[in-house]
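Grab a pencil and open the model in your viewer. Below are a few short exercises, each with a worked solution.

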Amino acid sequence: MVKKSTLILAFITAFTASLFCQVNQNKVDSLNKLLNTKLSDTALCSVYIQLAEIYQEYDADKNFEFSKKADSLAQPTGNKILIARARLRLGMGYYKLEQFSEATKYLFEALQLGEEAVVGEAANFGISTRIPKVPSVFIGSADVVPMELIAAYTGFANLGVLTTPQGIL
């Protein structure tokens, strides 16, 4: 005899899975509508990346279709973050297909581009402290002078304008 708790667990699992599929389908529909509008190459690339991420789990062909489109759009922009995100999607697609040598190539390239992008963005926010290009840079492993970090955050409060913080004694 099947226990009541097992039936309840099976029901919850099935309900959650159907809800997750519905949410993803709504997101896919919204993203597909965006594809029919006039978007900049950067925005279009982001849409392709999001679609590739969704399809990565259950449709390898669509994952590669959108990943390759994103990669081809990202290259001419020179935007390292977009290129890294597109390469990440390609790498994960190859990983899912168990083509590990191709996956490794794209994933390492995405990692290197991402590291460079983080260092570049930090410089754009006025951080002059040398930040090493290491994988842990994504989680904030670099030592930064506190006043530089405070100054970098002023850009968010001032609509993108960096200001020099003043100490109060």
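Keep in mind that this is a predicted model.

**Exercise 1.** Work out how the span of H4 compares with what its 17 residues should give at 1.5 Å a residue.

*Solution.* Start with the expected value: the span is 1.5 Å times one less than the number of residues, so 17 residues should cover 24 Å. Next, look at the end C-alpha atoms of H4, which lie 24 Å apart. The two values agree.

**Exercise 2.** Do the same for helix H3, residues 60-77.

*Solution.* H3 has 18 residues. At 1.5 Å a residue, 26 Å is expected. From its first C-alpha to its last, H3 reaches 26 Å, so the two are close. Just past the end of H3 sits glycine 78, with a positive phi of about 75°.

**Exercise 3.** Decide how H3 and H4 are oriented: roughly parallel or roughly antiparallel?

*Solution.* Two packed helices are described by the angle between their axes and the distance between the axes. Here H4 covers residues 80-96, the angle is about 155° and the axes are 8 Å apart. Angles over 145 degrees count as roughly antiparallel, and therefore H3 and H4 are roughly antiparallel to each other. The crossing of H3 past H4 is left-handed. Now find who touches whom: on the H3 side the contact includes Asn63, Phe64 and Ser67, and on the H4 side Leu82, Ile83 and Ala86 are among the residues involved. Sorted by class, the contact has eight nonpolar, four polar and four charged residues.

**Exercise 4.** Find which elements cover the buried residues of H4.

*Solution.* First list some of the buried residues of H4: among them are Ala84, Arg87, Arg89, Gly91 and Tyr94. Then look at what lies over them: the cover includes helix H2 (41-55), H3 and H5. H3 has buried residues too, including Phe66, Ala70, Asp71 and Leu73.

**Exercise 5.** Say what sets the phi of glutamate 98 apart.

*Solution.* Most residues other than glycine have a negative phi. Glutamate 98 is not a glycine, yet its phi is positive, about 60°. You'll find glutamate 98 in the loop between H4 and helix H5 (100-124). Glutamate 98 counts as exposed because its relative accessibility is 60% and the cut-off is over 50%.

**Exercise 6.** Is threonine 154 buried or exposed?

*Solution.* Locate threonine 154 in helix H6, residues 146-157. Its relative accessibility is 14%, and buried means under 20%, so threonine 154 counts as buried. Leaving out residues up to four places away in sequence, threonine 154 touches Val161, Leu162 and Thr163.

Definitions and conventions: Residues numbered from 1 in each chain as written. Predicted model: local features only at pLDDT ≥ 70, side-chain atom pairs only at ≥ 80, totals over all residues. Heavy atoms only, no water. Helix = DSSP H or I, 4+ residues; strand = E, 2+ residues; numbered from the N terminus. Buried < 20%, exposed > 50% of the residue type's maximum accessible area, 1.4 Å probe, protein only. Axes fitted to C-alpha atoms, helices over the stretch in contact; angles between N-to-C directions. Parallel < 35°, antiparallel > 145°, perpendicular 65-115°, else oblique. Left-handed = near helix turned anticlockwise from the far one by under 90°. Contact = heavy atoms within 4.5 Å. Nonpolar A, V, L, I, M, F, W, Y, C, P; charged D, E, K, R; others polar.
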